[in-house]
Amino acid sequence: QDEGQPARPISYEGVIASFGFRGGSAENGVKFRFTEGDVMGKSRLSVGDKVEFYRFDAAPSAARDGPKATRVRSLTDRRRRDHPQSGAGEGRLGAGNPSSSGHAGKGAGSRGIFHLGVVVTLKETYGFLLSLRSGSQYFFHFSEFIGSSRSNSRLPPPELEIGIVVRFVLAKNPSTGKDIGKSICLVSENGKPQFALREEDRRLVGTILKKPSDLNLPQDIGDGLVEFEVPGPPGQPEGEKQKQTAIVCKKQLNESHVHIEQNDVVYFDCHRGEKVDLCIAKSVVLKSKPYETFDLETRELGVISANKGSFGFITCTERMADVFLHFSQFPDLPKEGLAVGTDVEFSVIRGPETGRLQAVDLKLAEPGSAVFEELEEGVHEGTVVERLPNQNLRKGNPSLLLTGLIEGTVDGRSQKFPFMHTDRADPKVYPKQGDKVTFQIVTDLKRERAAKQAGKPGLGRRATKVTVVVIEGTVAAMKGS
């Protein structure tokens with residue numbers, strides 16, 4: 001200090017009597033400690049100033065000295081009140097405020113409010129955070145970690161480790177223009193919050209907003225997102241819902257029978273954080289694909305294609321995939337009456353435990369009612385342009401489809417039709433390339449339906465009852481042997 005000038009304190013500290021959110025009262029309110037380093041800008045606060053601030057109660061000393069305030073901004077400073085910093089007014093929305101829950105996207109609207117994130121990468125002086133609201137990753141510097149016990153702000157905070165959950169604020173990096181993490185603090189004493197499953201949060205229904213990657217983090221934390229609806233808070237109209245999101249990791253997706261993708265509807269158990277506004281989806285099972293509709297009033301036909309004792313499978317007339325069948329669900333039907341080849345009718349759902357297509361409300365159908373192929377009238381003539389492959393090729397690959405090709409004139413134009421070994425009229429005769437044959441046309445109804453949906457009608461048709469044309473004649477000459 002210059003001699004003769006009044007001494008100024010190097011730093012100061014104080015206590016804020018909290019109003020809570022706007023409209024609250026300071027009476028019996030919580031008291032928050034702060035130091036000069038917690039004040040934004042160069043304004044010096046005075047007793048009686050109105051301020052807004054971030055609550056920071058995860059510091060190691062919070063249990064001893066009470067909650068702490070950080071990023072304190074004066075509301076009595078006219079210049080700052082008329083020209084507030086971007087997003088500063090949103091700083092009052094913490095994790096416990098309903099207005100801050102949900103999916104926070106990128107952009108100015110998401111800067112200035114606290115995000116929940118998890119540390120996914122740590123380097124010498126910096127790391128990366130995964131936002132648990134948007135699924136995006138953000139750079140952060142160790143100096144932005146507040147509440148640490150370290151003496152040097154540029155050293156790695158001992159509290160930081162991969163997988164811990166933190167709160168952070170998004171801000172623009174002036175040199176790159178990208179969003180980075182600022183004001184990072186632990187959400188609990190060690191950054192590892194506890195989660196619990198309530199009875200009303202079992203087997204909820206939601207939609208996959210973002211499929212998780214192979215990121216492997218502790219506590220089943222992942223970078224996938226599931227959106228679901230819950231009843232609105234008291235005071236809202238009855239029946240009105242509000243949307244929430246839960247994070248999900250790849251190992252919690254039950255994909256043993258079917259893959260789960262973005263926009264799929266799923267069943268899941270919602271585990272909620274005990275002291276943090278964070279949900280984790282577990283035991284995630286596919287409920288339906290976006291293009292699927294399941295109606296118990298809709299009846300389908302099929303044939304039992306496999307009987308494994310307690311369960312089996314049905315080949316459907318409408319669906320390309322076989323449907324799972326558990327015989328214990330149909331005690332009124334005799335098991336001997338459900339032999340392979342039996343015609344049945346049923347409805348289809350996806351099992352809530354496995355996500356596989358499953359038959360329900362099964363009943364016996366009239367024999368022959370499940371029709372898979374349609375034989376067209378008329379016999380056509382043609383030429384074999386590709387012979388049937390050797391059946392031994394299927395030994396190494398049983399699913400290999402072995403087909404030959406016949407070219408003939410049908411409906412007034414030249415067309416080619418595949419045929420299989422089972423389409424030969426005489427199983428002892430193998431048509432060779434160049435042989436003249438007669439054949440009929442059969443349509444695989446499921447395959448043709450799929451071909452029409454793909455804009456390629458006719459791919460479900462093939463040649464059947466293929467017969468080699470025998471040409472009779474007279475021996476005209478004999479020479480030697």
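**Entry 1: Thr-70**

I began with Thr-70, which lies in strand 4, residues 68–74. I note at the outset that the model is a predicted one. I looked up the accessibility of this residue: the relative accessible area of Thr-70 is 8%, so I recorded Thr-70 as buried. I then listed its contacts, leaving aside neighbours within four places in sequence. Thr-70 is in contact with Asp-38, Phe-53, Tyr-54, Phe-56 and Ile-146.

**Entry 2: Lys-182**

I turned next to Lys-182 and placed this residue in strand 9, which covers residues 179–186. Is Lys-182 buried or exposed? I found neither label to apply, because its relative accessibility is 26% and Lys-182 therefore counts as partly exposed.

I looked up which residues Lys-182 touches, not counting those up to four places away in sequence. They are Glu-144, Phe-168, Val-169 and Ala-171. I followed up Glu-144, which is 38 residues from Lys-182 along the chain, and noted a separation of 5.4 Å between the two C-alpha atoms. The side chains of Lys-182 and Glu-144 are joined by a polar contact of 3.1 Å.

**Entry 3: Cysteines**

I checked the cysteines for disulfides, and the count comes to zero. I asked why Cys-279 forms no bond with the closest cysteine sulfur. That sulfur belongs to Cys-270 and is 3.9 Å from the sulfur of Cys-279, which is too far for a bond; the cut-off I applied is 2.5 Å.

I also looked up accessibility for two cysteines. Cys-279 has a relative accessibility of 6% and so counts as buried. Cys-249 has a relative accessibility of 4%, and I entered Cys-249 as buried on that basis.

**Entry 4: Helix 3**

I finished with helix 3, residues 445–453, in which I found Lys-446, Glu-448 and Ala-451 to be buried. What do the buried residues of helix 3 pack against? I recorded three strands as their partners: strand 17 (311–316), strand 25 (436–444) and strand 26 (461–468).

I then examined the ends of the helix. At the N-terminal end, Asp-444 acts as the cap of helix 3. I noted a side-chain oxygen of Asp-444 at 3.2 Å from the backbone nitrogen of Lys-446; Lys-446 is also among the buried residues of this helix. Just after helix 3, I found Gly-455 with a positive phi of about 80 degrees.

Key. Residues are numbered from 1 along each chain as its sequence is written. This is a predicted model: local features need pLDDT of at least 70, side-chain atom pairs count only at pLDDT 80 or more; totals for chains, interfaces and linings use all residues. Side-chain values use heavy atoms; hydrogens and water are left out. Buried means under 20% relative accessible area, exposed over 50%, partly exposed in between (1.4 Å probe, protein chains only). Helices (H or I, at least four residues) and strands (E, at least two) are DSSP runs, numbered from the N terminus. Contact means heavy atoms within 4.5 Å. A polar contact is a pair of N or O atoms within 3.5 Å; within protein, one must be able to donate a hydrogen and the other to accept it, and residues adjacent in sequence count only if both atoms are side-chain atoms.
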